[in-house]
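Student: Please take a close look at one part of this model, and then place that part within its surroundings.

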Amino acid sequence: MNRQLAHLSDEALVLLAARSEESALAELYDRYGRTAYGLALRILRDRALAEDAVQEAFLTVWRTASKFVPERGKASTWILTLAHRRAVDAVRREERRRADSLERAPEPSVEGVDEDAWLRLQRERVQEALKRLPDAQREALELAYYGGLSQSELAERLGQPLGTIKSRMFGGLSRLRELLGEPGTEVSWTSMT
Amino acid sequence: MDLHDLTAAYALDALDGDEAEAYERHLGQCEECRAQLAELNETASALAFAAVAPPPPARLREAILETAAAERSNVVPLLRRRWVARSLAVAAAAAACVVVGLAVALTHSNHAPRPVTMALSRDASGNVTVTFSGLGTVPRSKTYEAWVIPKGKAPQRAGLFSGGGDTTLHLKGAVPKGAVVAVTIEPHGGTKAPTTTPIVSARA
């Protein structure tokens with residue numbers, strides 16, 4: 001692994017990737033590939049489909065890196081948004097989602113999973129913030145983000161008007177943003193390397 | 001349907017195809033929604049970190065990097081090689097001297113990546129000539145400005161030019177060995193110090 005790039009910011013790596021620097025793509029994968037895969041696997045519950053989604057996401061990063069505008073958002077947000085969209089597209093395409101599958105899917109266990117310190121910190125801080133959300137908001141966020149349900153599917157599933165679903169999603173994300181922004185919870189990549 | 005209300009759902013990828021398209025059209029016209037979406041996207045993507053999973057198989061990393069490398073060797077380097085060869089030829093013709101520095105960068109013109117090459121050549125008395133090819137013409141309100149950055153020192157102004165076609169520039173003053181030559185786009189008339197990121201740079 002080429003660790004010469006380890007000191008560079010995510011955004012600098014995207015700029016290098018835009019100049020066809022493969023080692024920059026490798027470094028971005030080493031930083032976010034695992035998170036992207038974990039997310040895709042949670043949504044798709046199928047390893048092969050999850051691998052496809054992650055591969056498509058990182059190749060999109062490679063092909064469109066020159067269009068990335070740092071002023072509009074963080075590179076990690078861009079990469080994980082791409083991975084999420086690919087996985088959600090796939091889950092909808094495959095019609096793998098069944099009304100009752102979310103309850104039955106076992107919550108993945110952390111035991112035996114060899115995480116690095118940075119990822120563990122990130123996971124704990126987001127899980128902690130999620131726990132502090134009102135139940136209805138957390139449920140809406142989880143079903144949408146990890147379940148790949150659309151807002152109209154959510155409304156039907158939960159037996160609530162669409163307006164209620166919209167405000168739960170908005171309220172949930174806004175509250176989560178506040179919780180994640182509280183001092184001491186922000187962990188940046190550079191502080192760990 | 002109030003499209004402003006759809007920002008959170010869009011950030012969570014919870015809109016159907018038609019709704020997502022309508023929202024994207026709206027986004028192009030609504031600065032407020034763009035700003036809000038940037039925030040909510042960042043928060044939504046933080047949710048990715050809470051998903052727990054075993055690490056991906058090593059073959060995934062290999063497959064991504066191999067595909068990326070294959071795409072690169074099919075497209076960009078061929079383009080680059082042609083431009084580099086041409087730039088070297090132009091530089092050699094312009095001044096019968098040694099090419100000491102060479103850089104290739106991609107700029108964007110009409111959304112298509114466009115390779116720019118910069119070749120530096122030094123004559124016997126230490127004067128440096130810079131030859132560009134592929135450099136587009138800057139708008140009238142702007143100028144290209146060349147800089148010489150000696151090791152550990154601030155950038156020194158080295159000339160203004162407007163680009164277009166093949167440009168040859170004789171740098172003002174002597175250029176110390178190991179100094180970096182860089183080009184930025186600046187307001188018409190130039191500036192005392194660079195205000196933008198160099199589009200191309202090379203060591204002389």
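Tutor: Helices and strands are taken here as DSSP runs (H or I over at least four residues, and E over at least two, respectively), numbered from the N terminus. The model is predicted: local features need pLDDT of at least 70 and side-chain atom pairs count only at pLDDT 80 or more, while totals for chains, interfaces and linings use all residues. Residues are numbered from 1 along each chain as its sequence is written, and chains are lettered from A and ligands numbered from 1 in the order in which they are written.

The part chosen is a sheet in chain B. This open sheet has four strands in the order β5-β4-β7-β8, with antiparallel pairing; two strands pair if DSSP finds at least two bridges between them. β5 (156-161) and β8 (200-203) of chain B each have a single partner strand and stand at the edges, so one side of each lacks a neighbour in the sheet. From one strand to the next, the twist averages 25°. Strand β7 (residues 180-187) of chain B runs antiparallel to β8(B) and is joined to it by four bridges. Val180(B) has Arg203(B) in β8(B) as its bridge partner.

The sheet belongs to a chain with five helices and eight strands. From the N terminus, chain B runs α-α-α-α-α-β-β-β-β-β-β-β-β. Of its 204 residues, 34% are buried, that is, have 20 or more other C-beta atoms within 10 Å of their own, with C-beta atoms placed from the backbone (exposed: 12 or fewer; partly exposed: in between).

The helices of chain B include α3(B), which packs with α9(A) at an angle of about 75°, their axes 9 Å apart; axes are lines fitted to C-alpha atoms over the stretch in contact, and angles run from 0 to 180 degrees between N-to-C directions. The two helices are therefore roughly perpendicular, a class that spans 65 to 115 degrees (under 35 is roughly parallel, over 145 roughly antiparallel, and the rest oblique). In this packing, Leu173(A), Leu176(A), Arg177(A) and Leu180(A) of α9(A) meet Glu39(B), Leu40(B), Thr43(B), Ala44(B) and Ala46(B) of α3(B), where contact requires C-beta atoms, placed from the backbone, within 7 Å.

Both α9 (162-181) of chain A and α3 (31-46) of chain B, together with α2 (22-44) of chain A, are among what covers the buried residues of α6(A). Those buried residues are Leu119(A), Gln122(A), Arg123(A), Arg125(A), Val126(A) and Ala129(A). They cover an arc of only 165° around the axis, which puts them on the same side of α6(A); the arc is that of the directions from the helix axis to the C-beta atoms. On the other side of α6(A), Ala117(A) and Lys131(A) are exposed.

Notes. Contact = placed C-beta atoms within 7 Å.
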